[in-house]
Amino acid sequence: MIPLVPKLLFMGKSPFFPSLEDQSATLLEDPNAPSQLDGVGVGVGVGVGVGVGVGGGITASQTAPLSSPSRSSPHSQGSETGERFSRKVFVGGLPPDIDEDEITASFRRFGPLVVDWPHKAESKSYFPPKGYAFLLFQDEGSVQQLIDACIQDEDKLYLCVSSPTIKDKPVQIRPWRLSDADFVLDASMPLDPRKTVFVGGVPRPLKAVELAMIMDRLYGGVCYAGIDTDPELKYPKGAGRVAFSNQQSYIAAISARFVQLQHGDIDKRVEVKPYVLDDQMCDECQGQRCGGKFAPFFCANVTCLQYYCEHCWATIHSRPGREFHKPLVKEGADRPRAVPFRWC
């Protein structure tokens, strides 16, 4: 287990929660719609029933902003430069006949920007196909100016936009606050990467504190939650990580494999997997049988939960009852991926 010390919180790097590399610009308007991370195969074979009582409730006093252990956190990427928002802003409910130039003209008064939407280059369309787009501002200060011009209705922001046939249509403006990317319950708590899960398909509006509350309510023992953001624009990519303080909660989460995220307008089933590291030695031989190289495979079956080199994987998983376990490896985007394993 790795202790979390205050110095680590401000270094901009974490030895156990590296940020994810951006793989796709596919972002969806519907918070419950599938993301680019949905449907990724899981190599988890669960054969043990786990009963977990709900505990460790999150109180209002615990939701004060704390420094983050994540490399992709706002504390390492934003606060040093005074930034508070991602330069990428969601705008939804656009008039159906508004084109890219008209969207640009509607928001240019806040500063230089580019208008984008998923698969824009491939579709070669001048109109956002699903009634929403993303505003990519050159300067972060433009986002604050946009927010100041909006009308607030409960917790949502709106701005009136006109098209050739519709005048002053309220459209939703959804900025992303950098401080919402991480949530630590207690900065003095140790965070164990081997008790951490990867959550794929996280709806973009969901904040880290909301993810932490949902997972803590379901499994208990949550000590950290983070929303993965792209390194340039610091906008959510549709994935997150949750660290638990105990093995029981961790096993319960990976045994479930899927979880229903419900919060406000969000109601979506997402996938939960072990968070796979790429700098672990084989738990069986400690590198003696693989020349001291890091272990490429992780077995997520609850009877194993260990890292293996190729030699030790073949040896251990030739035993009766383990031959059907599937190894997980770390993908380029840090997503754990099941791989076929052939016997030599």
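**Exercise 1. Find the residue that follows helix α6 and give the sign of its phi.**

Solution. Step 1: take helices as DSSP runs of H or I with at least four residues, and strands as E runs of at least two, numbered from the N terminus. Step 2: go to the end of α6; Arg257 comes next. Step 3: read its phi, which is positive, near 70°.

This is a predicted model, where local features need pLDDT of at least 70, side-chain atom pairs count only at pLDDT 80 or more, and totals for chains, interfaces and linings use all residues. Residues are numbered from 1 along each chain as its sequence is written, and side-chain values use heavy atoms, without hydrogens and water.

**Exercise 2. Explain why α6 is described as largely enclosed.**

Solution. Step 1: call a residue buried under 20% relative accessible area (1.4 Å probe, protein chains only). Step 2: apply this to residues 247–256; seven of the 10 are buried, so the rest of the structure largely encloses α6. Step 3: name them: Ser249, Tyr250, Ile251, Ala252, Ala253, Ile254 and Ser255. Step 4: list what they pack against, with contact meaning heavy atoms within 4.5 Å. The partners are β8 (196–200), α5 (208–219), β10 (236–244), β12 (266–274) and β13 (297–299).

**Exercise 3. Work out the strand order of the six-stranded open sheet, and its edges.**

Solution. Step 1: pair two strands if DSSP finds at least two bridges between them. Step 2: β8 and β12 qualify, with four bridges, and run antiparallel. Phe198 has Lys273 in β12 as its bridge partner. Step 3: write the order, β7-β9-β10-β8-β12-β11, with antiparallel pairing. Step 4: mark the edges, β7 (182–184) and β11 (258–263), each pairing on one side only.

Methods:
Buried means under 20% relative accessible area, exposed over 50%, partly exposed in between (1.4 Å probe, protein chains only).
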